[in-house]
Amino acid sequence: MAKSKARKLREHKIRSGGFDPSALRGSAPDYSMHERKTMTKQEKWKKQLSKHKKRSLPGNGDEGIAFLFGGVCKFC
């Protein structure tokens, strides 16, 4: 893998006697710091409604679309 431009500049500064900026960086923890929680039933329902807006879900009052085909019938 190739070295990034920033890494090359850091190494050049260190070789030429400059300051190493990576020495100021803190160490990252081995685990995630943000809080996780499970979604409630209402949150899941709202997500489904907003994610699939055009899909008809059960219980939303729409019983489906009836298509009426009008026109000339061959056998009539």
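Mentor: Relative accessible area sets three classes: buried is under 20%, exposed is over 50%, and partly exposed lies in between (1.4 Å probe, protein chains only). This is a predicted model, where local features need pLDDT of at least 70, side-chain atom pairs count only at pLDDT 80 or more, and totals for chains, interfaces and linings use all residues. Numbering runs from 1 along each chain as its sequence is written, and side-chain values use heavy atoms, without hydrogens or water.

Trainee: How many helices does the chain have?

Mentor: Take DSSP runs, numbered from the N terminus: H or I over at least four residues for a helix, E over at least two for a strand. The strand count is zero. The helix count is two.

Trainee: What percentage of the chain's residues is buried?

Mentor: The chain has 76 residues. It exposes about 8,200 Å² (Shrake-Rupley, 1.4 Å probe; for residues, only the protein chains shown count as cover). Carbon and sulfur atoms supply 57% of that area. The buried share of residues is 1%.

Trainee: Which residue meets K3 in a salt bridge?

Mentor: Side chains of opposite charge can pair when their charged atoms come close. The criterion is a Lys or Arg side-chain nitrogen within 4 Å of an Asp or Glu carboxyl oxygen. K3 has a partner at 3.0 Å, N to O. That partner is E11.

Trainee: How far apart are the closest N and O atoms of R7 and E11?

Mentor: Both residues lie in helix α1, residues 5-15. They are four residues apart, about one turn of the helix. Their salt bridge has its closest N and O atoms at 3.4 Å.

Trainee: Which residues are linked with E11 in a network of salt bridges?

Mentor: E11 pairs with K3 and also with R7. E11 is partly exposed at 24% relative accessible area. Its partners are partly exposed too: K3 at 42%, R7 at 41%. The residues linked with E11 are K3 and R7.

Trainee: Is K37 buried or exposed, and at what relative accessible area?

Mentor: K37 forms a salt bridge with E43, with closest N and O atoms 3.7 Å apart. E43 counts as partly exposed, at 32%. K37 is exposed, at 63%.

Trainee: Which residues is E43 in contact with, leaving aside neighbours within four places in sequence?

Mentor: E43 is found in helix α2, residues 41-51. Contact means heavy atoms within 4.5 Å. One of the contacts is the salt-bridge partner of E43. The full answer is K37 and T38.

Trainee: How far apart in space are R10 and P21, C-alpha to C-alpha?

Mentor: R10 is found in helix α1 and is partly exposed at 25%. Beyond four places in sequence, R10 touches P21 and R25. R10 and P21 are eleven residues apart in sequence. Their C-alpha distance is 7.4 Å.

Trainee: How many salt bridges does the structure hold?

Mentor: K3 pairs with E11. R7 also pairs with E11. K37 pairs with E43. The total is three.
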